[in-house]
Amino acid sequence: MVFSSITFLYYFLPIVLILYFVSPTIAIKNGVLLVSSLFFYGWGEPMYLFLMVATILVDYLCGLVIGRSESALCRRITLIFSVVFSLGVLAYFKYADFFIDNFNTVTGLSIPLLKIALPVGISFYTFQTMSYVIDVYRRDVEVQRNPLTLGMYITMFPQLIAGPIVRYSDIVGELNKRKHSFENISYGITRFVMGLSKKVLIADTMASLCDKFRASDEKSVLFYWMYAVAFSLQIYFDFSGYSDMAIGMGRAFGFNFPENFNYPYISKSITEFWRRWHMTLGTWFRDYLYIPLGGNRVKLLRWIFNILVVWMATGFWHGAAWNFILWGLMFALLLLIEKPFLTKQKQRGEKGSIGGRIFSHVYVLFLVMISFVLFNAVDLKGAGVDILSLFGYGGIPAVSTASLYYLGSYAFVFIIAIIGATPIPKIVYNKLCGNGVVKGIFSVAEPVVLLALLLAVTAHLVDGSFSPFLYFRF
């Protein structure tokens with residue numbers, strides 16, 4: 001079951017909301033969330049529901065042992081067992097065929113592939129269970145003694161299968177005591193509908209252009225750049241839209257999930273881009289891998305090693321293919337080149353000229369688009385062809401009839417998406433709300449606009465204009 005489906009929007013979610021808010025106590029409300037979340041996950045993958053529950057139980061028991069034991073050795077052995085178990089399950093289901101295939105290539109053997117289906121959301125909930133056990137080991141949080149409460153935290157359907165990565169420490173205070181209000185519900189509904197609209201009306205439209213590009217026999221340099229821009233917009237609105245929906249539903253249930261995106265395409269450096277893009281993943285790798293490796297408080301060569309390890313892991317987390325690993329290493333290289341210049345600029349207190357800031361924006365957007373072409377490639381050969389074709393490789397024409405046709409057809413959506421990926425709409429809205437009359441008009445118009453968006457989304461879904469969330473792959 002996915003958020004952008006008629007089944008979820010008009011059956012599952014309303015029933016869960018009614019059951020949740022008629023429940024008299026937090027304990028019963030938590031029970032409603034746990035049961036509905038298990039049903040939500042089991043709807044599409046009933047067999048892998050047992051895998052997720054088993055993972056939760058193992059890490060629950062490990063957390064108990066670590067939390068109750070006074071022996072440093074016992075605590076450390078239990079932590080190692082938990083991490084190895086969690087990563088082992090992830091490696092088996094997500095990476096086994098990748099390792100077998102590459103082993104066959106190197107050795108010339110023909111070991112058969114396992115062809116295991118990837119459980120949806122395994123990368124996300126594995127990181128959540130790992131962070132819980134590690135935080136208990138570090139004594140950053142108290143051990144959770146109620147397995148149902150821990151299970152509810154891990155399986156909570158708003159953020160279960162595509163993030164944001166909600167750490168136990170983020171919401172521990174809200175698990176058994178949280179505030180429910182009309183303000184939270186109103187904010188949650190607004191955030192959910194906006195995220196749903198971003199995914200269905202913008203991301204899916206960009207996805208259709210990418211599909212037309214792949215199917216076209218009239219590719220050109222212009223068409224390749226249209227594809228690069230379209231996919232960059234698709235993946236942003238797809239994933240940020242899902243995060244908005246998750247955060248909105250979480251707020252309606254009384255939880256404050258962390259933000260996951262902060263207008264990454266306005267960044268002036270690759271460093272800034274990764275502080276704004278998939279923020280919960282970035283902070284997870286920072287706190288549980290980069291800092292334990294020594295961070296930047298080490299010698300130069302060790303720091304370079306730390307950066308390479310973290311970014312290779314970041315790329316590999318996204319998928320079991322070499323293009324994902326190279327995508328991560330590409331950002332590692334860019335950060336290694338960029339960091340010294342940013343440090344010197346910061347030490348000198350320079351803000352840069354207008355021309356310099358424009359160049360910085362263009363440089364970031366250019367490299368990010370190139371990286372997403374690599375990210376979305378079928379294989380390394382295809383990635384090479386796609387990237388080189390952006391610059392006219394193979395003698396392809398600069399413009400084709402198909403590229404001009406689709407540019408005209410999608411121009412309006414391109415404009416809306418590009419503006420929507422910046423803070424401009426929010427800035428304009430906030431300035432207009434400074435006027436009391438305009439704010440009053442907006443307060444009346446907002447429900448009408450949200451209803452219109454929901455009707456437009458519903459029409460798209462009924463019409464069958466739907467594509468799954470990109471991050472379901474991971």
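**Buried charges and paired rings**

With a relative accessibility of 0%, Lys199 counts as buried, and this residue of a predicted model makes a convenient point of entry. Its partner in a salt bridge is Asp238, with the closest N and O atoms 3.1 Å apart. The two residues belong to distant parts of the chain, Lys199 being in helix H8 and Asp238 in helix H9, 39 residues apart. Asp238 also counts as buried, because its relative accessibility of 2% falls under the 20% limit.

A second contact involves the same two helices: the side chains of Lys198 and Asp244 meet in a salt bridge at 2.7 Å, N to O. Since Lys198 lies in helix H8 and Asp244 in helix H9, this pair ties together parts that are 46 residues apart in sequence. Both Lys198 and Asp244 are buried, and they are linked with Arg191 and Glu259 in a network of salt bridges. Helix H8 spans residues 182–215 and includes Ile189, which at 47% relative accessibility counts as partly exposed. The C-alpha atoms of Ile189 and Gly248 are 6.1 Å apart in space, although 59 residues separate the two in sequence.

Across the whole structure, a search finds nine salt bridges. One of a more local kind in sequence joins Arg276 and Glu272, whose side chains meet at 2.9 Å, N to O; both residues lie in helix H10 (residues 270–276), four residues apart, or about one turn of the helix. Arg276 and Glu272 are both buried.

Aromatic rings supply another set of contacts, with 65 aromatic pairs in the structure. Among them, Tyr132 and Tyr168 are arranged edge-to-face, with 4.9 Å from centre to centre and 70 degrees between the planes. This pair, too, links distant parts of the chain, with Tyr132 in helix H5 (residues 122–137) and Tyr168 in helix H7 (residues 168–171), 36 residues apart. Tyr132 is buried at a relative accessible area of 1%, and Tyr168 is buried at 2%. Rings also meet charges: the charged end of Lys29 sits over the ring of Tyr20, 4.8 Å from its centre, while that of Lys94 sits over the ring of Trp317 at 5.4 Å from the centre.

On the surface, Tyr10, Tyr11, Ile15, Ile18, Leu19 and Val22 form a nonpolar patch with about 640 Å² of accessible area together. Tyr11, located in helix H1 (residues 6–22), is exposed, with a relative accessible area of 53%.

As for confidence, the protein chain averages a pLDDT of 91, and 95% of the residues score at least 70. Among its elements, helix H9 (residues 221–252) has the highest mean pLDDT, 96, and helix H13 (residues 322–348) the lowest, 83.

Definitions and conventions
Residues are numbered from 1 along each chain as its sequence is written. This is a predicted model: local features need pLDDT of at least 70, side-chain atom pairs count only at pLDDT 80 or more; totals for chains, interfaces and linings use all residues. Side-chain values use heavy atoms; hydrogens and water are left out. Rings of Phe, Tyr and Trp (its six-membered ring) pair if their centres lie within 6.5 Å; planes under 30 degrees apart count as stacked, over 60 as edge-to-face and the rest as tilted. Buried means under 20% relative accessible area, exposed over 50%, partly exposed in between (1.4 Å probe, protein chains only). A charge sits over a ring if NZ of Lys or CZ of Arg is within 6 Å of the ring centre and within 35 degrees of the ring normal. pLDDT is the predictor's confidence in each residue, from 0 to 100. Patches are made of residues with over 30% relative accessible area and no salt bridge: like charges are joined within 9 Å, nonpolar side chains (Val, Leu, Ile, Met, Phe, Trp, Tyr) within 5 Å. Accessible areas come from the Shrake-Rupley method with a 1.4 Å probe; for residues, only the protein chains shown count as cover. A salt bridge is a side-chain nitrogen of Lys or Arg within 4 Å of a carboxyl oxygen of Asp or Glu.
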